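I opened a fresh page for this one and jotted things down as I looked them up. Here is the structure, so you can follow along.

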Amino acid sequence: MNQYFKYDKRLKIFLPHLNVNWNQYNLATQNKIVEHWEQIRGGIPDRIHDLEEQINQKQAELNQEDDFNKSCQLNEDIADLASIINDLWIWFRTTQSITKTHT
């Protein structure tokens, strides 16, 4: 199945990576791809929960931090984690649109 998915280092999940138009895959392959995507998709809320815990930890650190440079770094880390969460939610909401992915 990994021939139809590519690991995203930033999101730390496999994302659909189809080399040809969806309609060029036979029905059995389409079903396997969708089934595998649904398994991956099902794990996204857990991944988001982990990232939210990291944000909460960094926010707690930020509340105690007096060093400006460290505060800036914590804010940047929080923004990066929030961006990942946003992208994960977008992918989580992607169900049938996987069939519209071309590359």
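**Entry 1: the strands**

I began with the strands, keeping in mind that this is a predicted model. Strand β1 covers residues 5-8, and four bridges join it to β2. The two strands run antiparallel. I then looked for residues that face each other across the pair. Tyr-7 has Phe-14 of β2 opposite it, and Phe-5 has Pro-16 of β2 opposite it.

How many residues lie between β1 and β2 in the hairpin? I found four. One residue in the turn caught my eye: Lys-12, with a phi of about 60 degrees. That is a positive value in a residue other than glycine. I also noted that Lys-12 belongs to the loop between β1 and β2. Is Lys-12 buried or exposed? Its relative accessible area is 51%, and exposed begins over 50%, so Lys-12 counts as exposed.

**Entry 2: confidence**

Next I checked how confident the predictor is. The protein chain has a mean pLDDT of 91, and 91% of its residues reach 70 or more. Which element has the lowest mean pLDDT, and which the highest? Among the elements of the chain, β2 has the lowest, at 95, and α2 the highest, at 97.

**Entry 3: the core**

I turned to the inside of the model with a general idea in mind: in soluble globular proteins, nonpolar side chains tend to be buried together. Here the largest nonpolar core has 20 residues. Ile-13 and Leu-88 are the ones with the most contacts inside this core. Which elements each supply at least two residues? I wrote down β2 (13-16), α1 (27-64) and α2 (68-92). Helix α1 gives the most, with seven residues.

I then followed Leu-88 a little further. Leaving aside neighbours within four places in sequence, I listed its contacts as Leu-11, Ile-13, Ile-44, Arg-47, Ile-48 and Leu-51.

**Entry 4: salt bridges**

Another general point guided this search: side chains of opposite charge can pair when their charged atoms come close. How many salt bridges does the structure hold? I found three, and I took them one at a time.

The side chains of Arg-10 and Asp-87 meet at 2.5 Å, N to O. Arg-10 sits in the loop between β1 and β2 and Asp-87 in helix α2, so this pair ties together parts that are 77 residues apart in sequence. Arg-10 has a relative accessibility of 37% and counts as partly exposed. Asp-87 is partly exposed too, with 23%.

Asp-77 and Lys-58 form another salt bridge, with their closest N and O atoms 3.4 Å apart. This pair also links distant parts of the chain, since Asp-77 is in helix α2 and Lys-58 in helix α1, 19 residues apart.

The side chains of Glu-38 and Arg-41 meet at 3.1 Å, N to O. Both residues lie in helix α1, three residues apart, which is about one turn of the helix. Which of these two is buried, and which is partly exposed? Glu-38 is partly exposed at 32% relative accessibility. Arg-41 has 16%, and buried means under 20%, so Arg-41 counts as buried.

**Entry 5: a second look at Arg-41**

I stayed with Arg-41 to see what else its side chain meets. A polar atom of that side chain lies 2.5 Å from the backbone oxygen of Phe-92. My note for this residue therefore holds two partners: Glu-38 through a salt bridge, and Phe-92 through its backbone oxygen.

**Entry 6: one last distance**

Finally I looked up Asn-75, which lies in helix α2. With a relative accessible area of 42%, Asn-75 is partly exposed. How far apart are Asn-75 and Asp-50, in sequence and in space? They are 25 residues apart in sequence, and their C-alpha atoms are 18 Å apart in space.

Key: Residues are numbered from 1 along each chain as its sequence is written. This is a predicted model: local features need pLDDT of at least 70, side-chain atom pairs count only at pLDDT 80 or more; totals for chains, interfaces and linings use all residues. Side-chain values use heavy atoms; hydrogens and water are left out. A nonpolar core is a set of buried Ala, Val, Leu, Ile, Met, Phe, Trp, Tyr and Cys residues joined through side-chain atoms within 4.5 Å. Buried means under 20% relative accessible area, exposed over 50%, partly exposed in between (1.4 Å probe, protein chains only). Contact means heavy atoms within 4.5 Å. Two strands pair if DSSP finds at least two bridges between them. A salt bridge is a side-chain nitrogen of Lys or Arg within 4 Å of a carboxyl oxygen of Asp or Glu. pLDDT is the predictor's confidence in each residue, from 0 to 100. A polar contact is a pair of N or O atoms within 3.5 Å; within protein, one must be able to donate a hydrogen and the other to accept it, and residues adjacent in sequence count only if both atoms are side-chain atoms.
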